[in-house]
Amino acid sequence: MDSSYRQTCLRLEVPGRENEQQEVIFIKGNWSDSRFELFITDGINTWICKALESEVKERASQWDQPVSDYIETAERHLGFRQPGSTYGFVDAGDGHKRLSWTFEKQGTTLEWRWKCKPSPDNKKTTSEILDFLMDANIRLSEEVVRKTQSFDRLKLEAEKCLAQSEKFSNEKAELESALYAKVLHRYTNVLMISSVQSLMMKVCWCLKLKKGKTERTARPTIEAGTQWQITSGRRGVIR
């Protein structure tokens with residue numbers, strides 16, 4: 001298989017012999033767009049299944065599926081355990097095993113089976129599966145470290161942004177307080193000037209009113225004095 005294939009590894013619990021407790025097997029898969037390979041171990045024995053392109057094409061035609069859909073369905077169920085699917089790994093005679101899994105399609109439960117033959121080299125097959133698991137674990141650990149470091153950086157940036165936001169908020173509050181105080185001071189001055197002007201207008205009005213009353217009071221007196229002078233034979237107006 002070429003270097004562009006995809007790899008998966010599934011830990012699977014399957015029924016043991018004669019309904020004994022479940023057995024654990026590991027299924028490593030190599031997947032291309034037209035064929036696949038399976039390497040299976042129970043920790044002691046190993047089996048392999050190499051599905052050639054012609055075999056996959058024939059199986060896909062039996063299920064009225066394109067080859068790509070058949071590969072995608074098989075990879076999904078043998079790369080990750082699917083809820084609701086029933087898996088089996090039973091004897092098929094002469095040391096062979098039959099791997100099976102079920103899935104739902106348009107309300108119908110379907111079962112696919114592939115026959116696996118004993119591996120010619122148990123040690124090599126088991127070693128390859130373990131190497132893949134170790135590499136995958138290392139990659140996962142490195143990814144966790146990267147994600148953790150990225151999270152720490154994001155957390156630090158978030159804390160900086162929060163501190164900056166609080167600083168801007170405080171500065172905004174201080175600026176608003178200063179502007180409010182300035183506006184209030186100016187408004188108070190305007191009110192004081194307006195009050196003084198209003199008071200001056202009232203004083204002027206009162207003075208004018210008093211002056212008018214004084215003139216009205218003085219006019220009869222003058223007229224009376226003039227009349228007295230005329231009566232006494234004097235002419236002129238007392239000034």
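**View 1. Lining of the largest pocket in the predicted model.** The residues that line the largest pocket of this predicted model are Phe39, Ile48, Lys50, Ser119, Pro120, Asp121, Lys124, Thr125 and Glu128. Two elements, strand 4 (46-51) and helix 3 (122-231), each give two or more residues to this lining. Helix 3 supplies the largest share, with three residues.

**View 2. Volume and residue character of the largest pocket.** The space within the largest pocket amounts to about 160 Å³. By residue class, its lining consists of four charged, three nonpolar and two polar residues.

**View 3. Surroundings of Thr8 in strand 1.** Strand 1, which covers residues 6-14, contains Thr8. Thr8 has a relative accessibility of 9% and therefore counts as buried, the limit for this class being under 20%. A polar contact of 3.0 Å joins the side chain of Thr8 to the side chain of Trp31. When neighbours within four places in sequence are set aside, the residues in contact with Thr8 are Ile27, Lys28, Gly29, Trp31, Glu75, Leu78, Gly79 and Phe132. Trp31 thus appears both in this set of contacts and as the side-chain polar partner of Thr8.

**View 4. Lys97 and its polar contact with Asp91.** Lys97 belongs to strand 6, which spans residues 96-105. The relative accessible area of Lys97 is 7%, so this residue is buried. The side chains of Lys97 and Asp91 make a polar contact at 2.8 Å.

Notes: Residues numbered from 1 in each chain as written. Predicted model: local features only at pLDDT ≥ 70, side-chain atom pairs only at ≥ 80, totals over all residues. Heavy atoms only, no water. Helix = DSSP H or I, 4+ residues; strand = E, 2+ residues; numbered from the N terminus. Buried < 20%, exposed > 50% of the residue type's maximum accessible area, 1.4 Å probe, protein only. Polar contact = N/O pair within 3.5 Å; in protein donor to acceptor, adjacent residues only side chain to side chain. Contact = heavy atoms within 4.5 Å. 1 Å grid on protein atoms, 1.4 Å probe; cavity = no way out; pocket = protein on both sides within 12 Å on 5 of 7 lines; lining within 4 Å. Points joined across faces, edges and corners; volume = space filled by probe spheres on them. Nonpolar A, V, L, I, M, F, W, Y, C, P; charged D, E, K, R; others polar.
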